[in-house]
Amino acid sequence: DVKVCAALDAIGVYYIAEPAKGEDCPPIKLKNNCFTRNFETLTGMYGMPVYDEFDPTPILAPFFTLFCALCLGDCAYGFILIWLGHVLKKVDILGLKAHHRLVTTLGVGTVIIGFFLGAFMGFHLDEMEWIPEGLRRCMLVGKLPGTTFDMAMVAAIIIGVFHLCLAMVVKAIGLVKRFGFSASISAWGWIILIVGGIATASLALADVIDSSVTRIAVIVIGIFSGLSIFVLNNPKRNPLINIASGLWDAYGMVTGLMGDTLSYIRLYALGLAGGMLGNTFNNLGMMVLGDSPSWHWAAFAIIFLIGHAINFAMGCLGAFVHPLRLTFVEYFKNSGYEGKGSVYNPMGVNDK
């Protein structure tokens, strides 16, 4: 630190200062912008990066917000989170005051995503006549045209595939940075195979490229990825050993990626369950209300408020645990993140 060196120079102390190295295992202090900084607590829950490792927080932040919003899936619940964030700013509830910005941020994300999922306090926004037709078309409700799959479920899987592909790219770049390009050849081979395969299939299904171009693309992708995964995964090793290692790696990647991709369906399932439960409480309240006298509004209010309070509490629990699991297990595993660094905790003055 420049200030420490200047202070030591001023008093004539002999010292040695040199840049830190990875093998020194220096303590880590994260530096992020005002948005990403709110999520450093989540990174710390898993473990700080080592000195020559990428800080995962800049990628964790937007995806955790998105995952949380998809799990809650209700625009009104987002407004409640924003309100809770402002309350926590003034009152320390369960020691969460320091995280009021995180709560508010997640609330804003839930308001936006919840609107496009078409849910507000269990009611379906796409059925509201006052919603403009243009906005209604942007909502992920109903089935994907030409299929029997819900649009929200397909969106969750697409998000999951993108998240995993991003993790693999981060892993490859990290290997180049830490150990050199030769250590990352296999990782780049898998990226070429998966990302290139998805891109080629998408373009072919959309009739952007014809069958001949598709055939050439498949051959090129197969050759480059095959050589990278099975032959050149370790240029300093015997090719036969590389082939055996590549086969074992292929088994792990195929089975692991299939399970990891399916894990992202939980984003759709939790949002669907919360929406259905909220709608059920609404229907119960309306059944009690019916055409009865006005005093039955009290019973309706009790069912509505207590029901949505329970749904909101369970939704918040799921919206925290499951996005955390998708980050810690699926993303960190495929990005090669170790998280074995130590937290920078400088010396301070104790007045007691």
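Student: How much area does the protein expose, and what share do carbon and sulfur atoms supply?
Tutor: In this predicted model, about 20,700 Å² is exposed, with carbon and sulfur atoms supplying 70% of that area.

Student: And what percentage of the residues count as buried?
Tutor: That would be 37% of the 352 residues.

Student: OK, what about the fold? How many helices and strands are there?
Tutor: You'll find 12 helices and two strands. Starting at the N terminus, the order is α-α-α-α-α-β-β-α-α-α-α-α-α-α. The protein is more spread out than a compact globule, because its radius of gyration is 26 Å, well over the 20 Å that the globule rule gives for 352 residues. Along the principal axes, the C-alpha atoms fill a box of roughly 85 × 75 × 30 Å.

Student: Let's zoom in on α10. What does it pack against?
Tutor: Its buried residues pack against α7, α8, α9, α11 and α12. Among the buried ones are Asn242, Gly246, Met253 and Asp260.

Student: Which residue caps the N-terminal end of α10?
Tutor: Asn238 does, with a side-chain oxygen 2.8 Å from the backbone nitrogen of Leu240.

Student: How far apart are the end C-alpha atoms of that helix?
Tutor: They are 35 Å apart, which agrees with the 36 Å that 25 residues should span at 1.5 Å a residue.

Student: Switching to cysteines: how many disulfides are there?
Tutor: The count is zero. Take Cys71: the closest cysteine sulfur, in Cys68, is 7.0 Å from its own, too far for a bond, given a cut-off of 2.5 Å.

Student: Is Cys71 buried or exposed?
Tutor: Cys71 is buried, because its relative accessibility is 3%, under the 20% limit. Cys5, at 22%, counts as partly exposed.

Methods
Residues numbered from 1 in each chain as written. Predicted model: local features only at pLDDT ≥ 70, side-chain atom pairs only at ≥ 80, totals over all residues. Heavy atoms only, no water. Buried < 20%, exposed > 50% of the residue type's maximum accessible area, 1.4 Å probe, protein only. Helix = DSSP H or I, 4+ residues; strand = E, 2+ residues; numbered from the N terminus. Expected span 1.5 Å × (residues − 1). Contact = heavy atoms within 4.5 Å. Polar contact = N/O pair within 3.5 Å; in protein donor to acceptor, adjacent residues only side chain to side chain. Rg over C-alpha atoms; globule rule 2.2 N^0.38 Å. Areas by Shrake-Rupley, 256 points an atom, 1.4 Å probe, with all protein chains shown as cover.
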